[in-house]
Amino acid sequence: MSNEIFLYERPIKKDYDFNMWFFFPGPESFAMSSLGYLWLYRAIDMLDGIDIERVYSDTKTTRIMRDKIDLIGMSFTFDTDFMAIFKFLEWNKYGLKAKDRKETDPIIFAGGPVISSNPEPYKEIFDFMIIGDGEDTNLDATKLCHELKDKPKSEILLELSKMEGVYVPSLNKTVKKITKKLTECIYTPIISDGAFFPNTFILEVERGCANRCGFCLASYLNLPIRFVDYEKIIKTIELGLQHTNKIALLGAQITAHPRFKDICKYIEEKIDNGQDIEMSVSSLRVDSFIPEVVNTLVKAGQKNLTLAIEAGSERLRRVINKNLTEGQIYKAIDVARDCGLKGIKFYGMIGLPTETQEDIEEIVNLSKRIKQKYKGFDINFGFSTFVPKANTPFQWFGREDEKSLEKKSNYLKKELHKLGIQISISSAKWDYYQALLSRGDENLADYVIEVYKQGGKLGAYKKVAKEMNINTDYYATETYSYDKPLPWDFIEIKPGKEFLMEEAKQLVNR
Ligand code: SF4
């Protein structure tokens, strides 16, 4: 049993008349390190009249009885989360599709990046979905369901369909994605020793990334980049430090925060004054590999730093919009080494649009040059293969075929091993199905259900596609023409499809 510290005052609830499960499609330890999930839970937990229980993929028994549940919310962060979601629905004897559930069954909804980017493969599963930043919409939708609890489902869904950011597939033809101003600093309101990052207080410093790499959902789904006020961040850090010494700053491009150096200075001064603080950051951009920042992180216990270079050649880095020069990479290593770090990890991607064998060879050549210049300094690589994501400029580009990706992977493994560089590469086979789901349409609902029923292993994805006569290449490897209607076009999202198209055309011609 893990020990939980609540950082907010929980109302004493005696008179609730509405019960809710909030499901996380992963084990409890992951849920307890999930900022978004815990923050939304807190907001609903503070409402009068509603009893909410956290439920995870490894929950064995629930406190609230199944037959009392009025509403179920779910987070959907990764493409394969549907497996845990279906298992949970079956465990509780709910139909997997909305139409197969009874009037007396609870309303079931989901939100998260997968849903916000392209909800179409799941439109038959959920009664409604939240598109975009969920803090306010989740809360408002829950309140509405509570208010209308005695009405028929159809009436509740009708009211929900009128809300901005809510997509009721049976009613809405379009939906507007919500982009919220960051008026508060959100944090993990429960600190747990059983969390994946035990006893760690996680807070959000900014949302999104202004860099706009052509493949990056974290950037395009969250435009424009938004920052939390410095004063609010400091106040929140102080709140966390009352309960733990482990602080993690979150954001896709945290170092772009105009006062990031001040945040580091604030922490560093506390450490210099004898306070025991461990601070970590999710990732650093190359322009933040500066002594002030890296020094603080090293002092605060961060052991490894990673730098996403994405591609080996400057040409390809320009194409994906990661305008990173070799000189900047050297500068970053200089700083890391001067600050006492023994090595650095690089992230890269293979199979990117326009990539040639020369670009791949350039990864090896660059590694050779680094090894020669920085003797004794450890570098290692983590690669994934390109997955086109809905609502990014590279959404039109298909994946490279598996054989050619494998050839590239084997070449990199062989050549980098020769240099004594550790390398890990994501599974091209899994990434293929990730692409299928990411660019999926409503025809995939039965497919994902059947994949689940057949165990969800890689073989099941292939076998079911064959049985159901689904052309998986159409979703994963085909390059679409720019004028092709896309399944997710109905989402009103800023900056919009025209903008993505212009970006795509301009990037691939660099
Ligand atoms: S720098 Fe990183 S987070 Fe930002 S757009 Fe590029 S890949 Fe995404």
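**Strand pairing, domain contact and local backbone features**

Strand β17 (residues 378-385) and strand β18 are joined by four bridges and run parallel. Here helices (H or I, at least four residues) and strands (E, at least two) are DSSP runs numbered from the N terminus, and two strands pair if DSSP finds at least two bridges between them. The structure is a predicted model, in which local features need pLDDT of at least 70 and side-chain atom pairs count only at pLDDT 80 or more, while totals for chains, interfaces and linings use all residues. Residues are numbered from 1 along each chain as its sequence is written.

Within this pair, Asn380 stands opposite Gln422 in β18. The side chains of β18 (residues 422-425) alternate: Ile423 and Ile425 point to one face and are buried, whereas Gln422 and Ser424 point to the other and are not. A residue is buried if 20 or more other C-beta atoms lie within 10 Å of its own, exposed if 12 or fewer, and partly exposed in between, with C-beta atoms placed from the backbone. Strand β14 (residues 278-281) likewise has a covered face, made of Met279 and Val281, and an uncovered one, made of Glu278 and Ser280. Four bridges join β14 to strand β13 (residues 246-250), and the two run parallel. Glu278 in β14 is the bridge partner of Lys246.

An open sheet of six strands has mixed pairing and the order β3-β2-β4-β5-β6-β7. Its edge strands, each pairing on one side only, are β3 (50-56) and β7 (166-167). Strand β2 (residues 18-24) runs parallel to β3 and is joined to it by seven bridges. The bridge partner of Phe24 is Tyr56 in β3. Asp58 lies in the loop between β3 and β4 (71-75). Asp58 is separated from Phe24 by 34 residues in sequence and by 9.6 Å in space, C-alpha to C-alpha. Leaving aside neighbours within four places in sequence, Asp58 is in contact with Pro27 and Glu28, where contact requires that the C-beta atoms, placed from the backbone, lie within 7 Å. Asp58 counts as partly exposed because it has 13 C-beta neighbours inside 10 Å.

The largest nonpolar core has 146 residues, and those with the most contacts inside it are Met20, Phe109, Phe126, Phe128 and Met129. A nonpolar core is a set of buried Ala, Val, Leu, Ile, Met, Phe, Trp, Tyr and Cys residues joined through C-beta atoms within 7 Å. With neighbours within four places in sequence left aside, the contacts of Met129 are Phe109, Ala110, Gly111, Ile115, Pro119 and Tyr167.

The domain assignment of the protein chain gives domain 1 (9-176), domain 2 (199-302) and domain 3 (304-510); the bounds come from an automatic or database domain assignment. The C-alpha centres of domain 2 and domain 3 lie 26 Å apart. Their contact takes 20 residues from domain 2 and 30 residues from domain 3. On the side of domain 2 that touches domain 3, the elements giving two or more residues are α7 (217-220) and α10 (291-299). The largest share of this side, four residues, comes from α10. The residues of this side divide into 14 nonpolar, five polar and one charged, with Ala, Val, Leu, Ile, Met, Phe, Trp, Tyr, Cys and Pro counted as nonpolar, Asp, Glu, Lys and Arg as charged, and the others, Gly among them, as polar.

The ligand is surrounded by Cys209, Asn211, Arg212, Cys213, Cys216, Ala218, Ser219, Ala252, Gln253, Ala308 and Lys322, under the criterion that the C-beta atom, placed from the backbone, lies within 6 Å of the molecule. This shell divides into six nonpolar, three polar and two charged residues.

Most residues other than glycine have a negative phi, and most peptide bonds are trans. A cis peptide bond joins Leu223 and Pro224, with omega about -10°; Pro224 lies in the loop between α7 and β12 (226-227). The bond from Lys494 to Pro495 is also cis, with omega near 10°, and Pro495 is in the loop between β19 (491-492) and α19 (497-508). Asn321, although not a glycine, has a positive phi of about 80°. Asn321 is found in the loop between α11 (314-319) and α12 (326-338) and is partly exposed, with 19 C-beta neighbours inside 10 Å. Thr354, not a glycine either, has a positive phi of about 75°. Thr354 is placed in the loop between β16 (343-350) and α13 (357-373) and is partly exposed, with 14 other C-beta atoms within 10 Å.

How values were computed. Two residues are in contact if their C-beta atoms, placed from the backbone, lie within 7 Å.
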